[in-house]
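Let's take a walk through this model together, stopping at a few residues, helices and rings along the way. Keep the viewer open as you read.

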Amino acid sequence: MHVLSWAEKYRPTKFSDVVGQASAVKQLKERVSSSKKIASVILEGPSGSGKTTLARIFAKTMQCSAPQDSGEACGGCHACDLFEANHQPSFHRINAGLDGTMAGIRELLEEDLVTRPHSAALHVVFFDEADNLTEKAQRALLAPLEDGSLFALYIFSLIDADELLPPLRARCTRIELVPPTWPEALAYLEKIVAAERLTVEPGALEIIARLVPSFRELANTLESVFAAAAGGKITPALARTEVRKRGTEEIVGYLVAALDGDAEGQLDAMRSLRLSAKEKADAVLELLTYLKLRYVGPARTTREHMLDLLLDEAECQRIVAGIGWRAEKLGIELEVLLDEVLEFWTFQPLRMDEAALGAHMARFNDLFLMDRPFPRDRTGIALRLATARDAAEFRSSRGRRRPPAWRTGDTAEATDPAEYLSERQVRELYEAATFMVQRHRRTFNACLTLDHNALGIVEDKKAADLVSDLLRELGLRLQDWARSSGAPEQADLHRISFLERGREGGLRSTVLLHLPGFAADPARHWIFERFLARRCTVGETWHSEWLRVQHVDEARGALAVHWALLRTLWRGTDPGIVVEGEPLVERLKVARRERRPAGKITQRRFGLSQGLSKAARTGEAELLGAHLSAYTDGAWSWLFSRWEWAEAEKRKKARMRLAELGRASDREGSATCDPLSVRKLTFEVRLAADEGRKVMEIRQKPWDPPAST
């Protein structure tokens with residue numbers, strides 16, 4: 001016999017059983033009793049907030065033959081009986097993550113929904129995880145949603161409705177679900193306790209209600225606590241222990257192991273966490289932030305925090321003492337070192353998977369410990385820190401620090417007091433731009449200009465932070481747009497960000513981007529209507545003209561746009577730099593009317609995306625040989641001769657050959673259990689890769705003189 005989990009067992013089956021979500025329930029009930037044309041709905045909200053539950057209740061009620069005046073299903077008709085038995089043929093639940101393709105939608109529309117149902121008042125189509133619907137599938141639904149139907153209702157369920165196409169959203173009623181409040185969570189738990197006749201000590205349910213974010217997890221956590229109690233009394237200690245298993249205990253263990261220099265302990269702590277890599281990194285950041293606000297300062301708070309219920313005072317003091325000891329050895333303040341640790345964990349890789357998290361942890365271990373001996377008994381340090389906090393006023397020196405070069409991909413000095421670009425900076429911009437074409441087969445086609453003065457920003461640091469945040473979030477958005485458009489290969493945001501100061505003293509950032517066709521309009525909307533509206537408080541002083549996008553289908557034309565955009569950065573080149581008897585700015589073909597100083601700034605002049613950084617170019621050189629550079633070779637007449645496409649094709653074919661060799665090795669290796677045979681295959685692949693790289697390195701360059709015959 002199948003035993004239901006408490007989350008399933010106590011899932012509400014009618015509106016009156018739903019705890020919380022009063023607004024959503026009210027709106028859905030109104031649609032049951034409405035005599036107007038059937039209006040499809042979008043249910044959006046965080047995981048576990050009850051989207052699937054409300055979708056099922058709404059579907060059952062809409063299919064009921066005799067719904068009550070209160071908006072509830074009758075529960076006794078044939079349609080209700082079929083629904084409760086999960087045998088209702090007119091209820092079509094589609095997991096969009098698995099079946100959200102154009103073919104599946106066409107089959108649904110052309111076969112399942114063409115006739116009026118016999119077993120219910122109407123068809124109900126429930127798209128779970130609707131954000132996974134492909135763009136073509138969503139567009140196929142626009143006509144049915146627009147025309148309406150007397151016997152078909154569509155329900156879309158997802159975390160963020162903005163992931164759906166705007167035309168689809170406009171054809172549906174959007175209903176937002178919210179996480180349970182503390183009283184609602186407590187009422188839900190008390191309902192289960194009464195039904196199961198559990199014995200609970202005071203305070204135990206309050207711990208679960210305050211710390212668990214969703215109805216589903218509330219039921220699962222209470223069931224786990226009951227199992228840990230072995231049928232006995234549920235105590236606050238048991239509740240706290242079980243909730244700590246959701247991650248806090250492991251994160252504390254990770255930080256303690258990091259302070260002790262225990263690499264294996266760090267890996268074991270993270271591996272035992274049943275969270276995604278991104279959630280693990282965020283949990284570390286949350287705990288460090290809590291320690292800063294509660295124990296370190298300079299700005300400290302006593303406001304109630306959920307971690308107060310989970311963390312032991314001694315654990316917190318031990319971690320703070322460990323960081324304090326390291327700060328003493330480095331000769332800096334505790335607040336400064338903790339700020340730097342927070343900064344490290346704030347700037348995470350854009351694609352945080354398990355491999356990236358492992359590399360991030362290894363880097364943190366190396367940076368934090370620096371191969372110094374570390375004492376495990378830090379009682380004295382903790383006592384001195386507690387005394388110092390009571391006797392001194394802390395001051396942070398965060399403004400005196402500079403972010404590490406590994407974070408920005410720019411190895412330039414932290415401050416750039418020069419009025420003009422140096423030759424080294426000009427060359428770095430060229431190398432990044434030509435590498436982008438040769439390696440990624442992409443060109444810059446968009447230019448975003450931000451007038452920071454118009455946005456109310458006059459400090460260099462704040463301007464640089466704004467651009468950094470914008471590009472990080474835009475990169476994540478582009479990944480989502482690429483997936484929904486069926487073009488995952490275009491998910492990487494290649495960009496150069498450039499900070500300059502005009503003659504009048506105003507700050508301006510210029511960002512060169514590659515925006516695929518499907519991303520141009522969403523990017524414009526998100527930048528100006530969402531990001532800047534959220535971050536800037538001086539009113540809508542920005543203009544959509546700040547983003548210019550030029551889509552050119554022809555390859556040579558695309559390269560012309562690419563280099564024309566680079567010249568908007570090169571216009572600040574030092575006019576005194578002369579290369580082989582000619583000013584460098586002339587060789588770059590920057591128009592005289594465009595030339596002007598780049599201005600003095602106190603931040604890095606420019607930053608590169610990870611795919612254009614020196615590390616990426618080094619990796620490409622190790623695989624296929626260094627990319628070609630007309631600048632490095634002094635082939636000035638070839639700088640803008642648009643030869644990069646041919647080079648990109650050669651590199652693409654070479655990369656495909658290596659990939660095929662790797663696949664062949666994998667196939668042969670899987671057919672044998674002999675380690676020596678596998679090693680031999682690996683060696684052959686490596687030899688083939690080395691040979692291919694040598695061929696790429698010795699081949700004739702476009703500007704080389706013809707070989708003599």
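In which loop does Lys589 lie? Look between helix 25 (584–587) and strand 12 (606–608), and you will find Lys589 in the loop there. Helices (H or I, at least four residues) and strands (E, at least two) are DSSP runs, numbered from the N terminus. A word on ground rules before going on: this is a predicted model, in which local features need pLDDT of at least 70 and side-chain atom pairs count only at pLDDT 80 or more, while totals for chains, interfaces and linings use all residues. Residues are numbered from 1 along each chain as its sequence is written, and side-chain values use heavy atoms, with hydrogens and water left out.

Back to Lys589, whose phi is positive, about 60°, although Lys589 is not a glycine. Lys589 is exposed because its relative accessible area is 57%; the cut-offs are under 20% for buried, over 50% for exposed and in between for partly exposed, with a 1.4 Å probe and protein chains only. Gln21 also has a positive phi, near 55°, and is likewise not a glycine. Gln21 sits in the loop between helix 1 (6–9) and helix 2. With a relative accessible area of 8%, Gln21 is buried.

From Gln21, step into helix 2, where Ala24 has its place. Ala24 has 1% relative accessibility and therefore counts as buried. The C-alpha atoms of Ala24 and Leu43 are 8.7 Å apart in space, with their positions 19 residues apart in sequence. Helix 2 (residues 22–33) also meets helix 3 (residues 51–63): their axes come within 10 Å and cross at roughly 20°. That angle makes helix 2 roughly parallel to helix 3. The classes are under 35 degrees for roughly parallel, over 145 for roughly antiparallel, 65 to 115 for roughly perpendicular, and oblique for the rest. Axes here are lines fitted to C-alpha atoms, for helices over the stretch in contact, and angles run from 0 to 180 degrees between N-to-C directions. Helix 2 passes helix 3 in a right-handed crossing, meaning that the near helix is turned clockwise from the far one by less than a right angle, whereas anticlockwise would be left-handed.

A second helix pair is found further along the chain, so compare how helix 21 (residues 423–440) and helix 24 (residues 555–570) come within 11 Å, axis to axis, and cross at roughly 160°. Helix 21 is therefore roughly antiparallel to helix 24. The crossing of helix 21 and helix 24 is right-handed.

Now for some contacts between residues separated in sequence. Val124, in strand 3 (residues 123–128), is buried with a relative accessible area of 0%. Its C-alpha lies 8.3 Å from that of Phe151, 27 residues away in sequence. Pro179 belongs to the loop between strand 5 (173–176) and helix 9 (182–196). Pro179 is partly exposed, at 41% relative accessible area, and its C-alpha is 9.9 Å from that of Val212, 33 residues away in sequence. In helix 22 (residues 460–484) you will find Glu473, partly exposed at 24%. The C-alpha atoms of Glu473 and Leu350 are separated by 9.1 Å, with the two residues 123 apart along the chain.

What about the rings? A pair of aromatic rings is described by the distance of the centres and the angle of the planes. The structure holds 18 aromatic pairs. One of them joins Tyr290 and Tyr295, edge-to-face, at 6.4 Å centre to centre and 70° between the planes. Rings of Phe, Tyr and Trp (its six-membered ring) pair if their centres lie within 6.5 Å; planes under 30 degrees apart count as stacked, over 60 as edge-to-face and the rest as tilted. Both Tyr290 and Tyr295 are buried.Ring pairs also link Tyr430, Trp563, Trp570, Tyr631, Trp636 and Phe640 into a cluster. The charged end of Arg567 sits over the ring of Phe640, 4.4 Å from its centre; the rule asks for NZ of Lys or CZ of Arg within 6 Å of the ring centre and within 35 degrees of the ring normal.

Finally, how many disulfides are there? Taking a disulfide as a pair of cysteine sulfur atoms within 2.5 Å, the count comes to 0. Cys172 counts as buried at 11% relative accessibility, and Cys316 counts as buried at 2%.
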